[in-house]
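Please find below a colleague's note on the structure, set out as numbered points. The points begin with the overall architecture and then turn to individual elements and residues.

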Amino acid sequence: MAGKPKRSTFRNRLEEMVTSLRTDIVTGNLKPGEYLASELMLAEQFQLSKNSIRKGLDTLLDQKMIEKVPRIGTRVVGPGLSERVTLKFGYYPSLTLEANLLQLVEMFKHRHPHVDVQMIPLSQSYFSQNVKEALQRDGIDLITMNTYNYESIRGEGAVGDILETMERRDSTYPFLQEPFAEDNHLYVQPMIFSPIVLCYNKDHFQEANWPEPDSSWKWSDVQKAAAAIRQKQDRIGILFHLQSINRWPLFLLQNRVVFERDAQGKLMLDNENFKEAMQISYQLFEDMNPETVYMSENDSDAERFFLQQKASMIVTSYYSLNHLRNAEFAYDIAPLPYSKEAKTQLLIIGLAIHKLSKNKDAAKTLVDFLASSEAQMHLRKTTLSIPSFKTVAESTGKETLSRPSRYMMYRDIIPTFSFYSDMNVTFKELEAMRHMFKLYWARLDDFESVCRQLKDSMYV
């Protein structure tokens, strides 16, 4: 006959119950005013006697986290005497505009006053260093992350050694989760996303009596429209920051570029589709706006010129449309023009928890909030970015912001969404190409010469 369970077993169960309830209260899963399950139900759940349950509840009573309500039950008071949690949140500064992030964090802090969220803006160079060491050095608990930065972490070794696994959500568009998954484990929770699109000034098209862009447009159609529209000398037909990692690879994707590798794993650049794609990127500016090839310093220049009505068309994202919230003229968006195949780059920004964080529960609670229908609906109503929560993103009703009439167009072009990884190339390799091809775009070297230099330097 089996002996009685050891006293240590009861003690472990009791500690498990107290820890579980305390965590639910501290993280907000159990909110002030809610009632705990009955003592009988708790006894069944944790396989403890009623006396043991009462002993555990007394611990939470002493910490002023719960209170007894005669003839009703046990009510949650709040974190009580538990220590405040300081959560270090590393974020992209652009998200203050693109996702209204600071306001969302204030909403979270109001619901979880025991969590002090310390916002740490990340520089563009943050992910160029050893991210694992940087996260530990800076004590980051939670961090925003896009697909490029996620690959930087992958390049440092096992992602699971750096980032905590996440719960897959049925409410999220499935295609947003796959780029952040390894061995069926999700490491980044998507928050917002955007395809690259064409944005245009409707008034400029009307003045030129030119038909507005549609899904059939190729880059040659853009060239014709730009030539017709830019009759005034103070107006640029089309503008975008050619050197951006979210811009020039578009021509490669649309031209069906897939790089092969040699026996050592090095890229083979003898690729006719690659050459043709680079020629298209060159000719687009050579033919239309030769004086503006290097005018732009970053992506935001295009939105600034467009807002001043100095540019009639720009290649942009839903994120960057937030710069146009107060535009005093009519504008709209259209699918990205293409060369051989209709393709556009998909941008995703999500949330990741540092594996070595000492505040994982609080970090997870903030992730859950930012991915919740409430926070995503706030994002949907106050920005032009697209929430990851499918039903929220596609919700209709009274709008609080002025939106392009084709705002919902992204749903129709989902089959065209692509990633640079589809070309069998890494972010680091693309950056090396971009650096070298500045000579080509500046008309200082030809394609073959740049490729030779690239081969010599990329793997040194």
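1. Overall architecture. The secondary structure of the protein amounts to 17 helices and 16 strands. The reader should bear in mind that this is a predicted model. Taken along the principal axes, the C-alpha atoms fill a box of roughly 85 × 55 × 35 Å.

2. Burial and contacts. The protein has 460 residues, of which buried residues make up 50%. Among contacts between residues at least 6 apart in sequence, 70% join residues at least 24 apart.

3. The largest pocket. The volume of the largest pocket is about 1300 Å³. Its lining comprises 37 residues, and those closest to the centre are Gln124, Asn146, Ile245, Asn246 and Asp299. Two or more lining residues come from each of the elements α4 (95–98), α7 (147–154), α12 (300–307), β14 (344–353) and α16. The greatest contribution is that of α7, which gives four residues. By character, the lining of the largest pocket divides into 13 nonpolar, 17 polar and seven charged residues.

4. Helix α16. This helix, one of the elements that line the largest pocket, covers residues 427–441 and has 15 residues. From its first C-alpha to its last, α16 reaches 20 Å, which is close to the 21 Å expected at 1.5 Å a residue. The helix nevertheless has a kink of about 30 degrees, centred on His435. Its buried residues are Glu429, Leu430, Met433, Arg434, Met436, Phe437, Tyr440 and Trp441. Just after α16, Arg443 adopts a positive phi of about 65 degrees.

5. Helix α14. Within α14 (residues 373–382), the residues Ala375, Gln376, His378, Leu379 and Arg380 are buried. Against what do these buried residues pack? Their partners are the helices α5 (101–111), α13 (360–370) and α15 (390–393), together with the strands β8 (189–201) and β15 (386–387).

6. Arg380. This residue lies in helix α14. Why does Arg380 count as buried? The reason is its relative accessibility of 3%, since the cut-off for a buried residue is under 20%. Leaving aside residues up to four places away in sequence, Arg380 touches Pro387, Val392, Ala393, Ser395, Glu399, Arg403, Tyr407 and Met408.

7. Asp183. A negative phi is found in most residues other than glycine. Asp183, which is not a glycine, has a positive phi of about 50 degrees. It is placed in the loop between β6 (181–182) and β7 (185–186). Is Asp183 buried or exposed? With a relative accessible area of 72%, Asp183 is exposed, because exposed residues are those over 50%.

8. Asn209. A positive phi also occurs at Asn209, a residue other than glycine, where the value is near 55 degrees. Asn209 belongs to the loop between α8 (202–207) and α9 (219–229). Its relative accessible area is 70%, and Asn209 therefore counts as exposed.

9. Points to inspect in the model. The kink centred on His435 in α16 may be viewed together with the positive phi of Arg443 just after that helix. For the largest pocket, the residues closest to its centre, including Gln124 and Asp299, offer a place to begin. For Arg380, the listed contacts, among them Glu399 and Tyr407, may be examined in turn.

Technical notes. Residues numbered from 1 in each chain as written. Predicted model: local features only at pLDDT ≥ 70, side-chain atom pairs only at ≥ 80, totals over all residues. Heavy atoms only, no water. Expected span 1.5 Å × (residues − 1). Bend = angle between axes of the 7 residues up to and from the residue. Buried < 20%, exposed > 50% of the residue type's maximum accessible area, 1.4 Å probe, protein only. 1 Å grid on protein atoms, 1.4 Å probe; cavity = no way out; pocket = protein on both sides within 12 Å on 5 of 7 lines; lining within 4 Å. Points joined across faces, edges and corners; volume = space filled by probe spheres on them. Nonpolar A, V, L, I, M, F, W, Y, C, P; charged D, E, K, R; others polar. Contact = heavy atoms within 4.5 Å.
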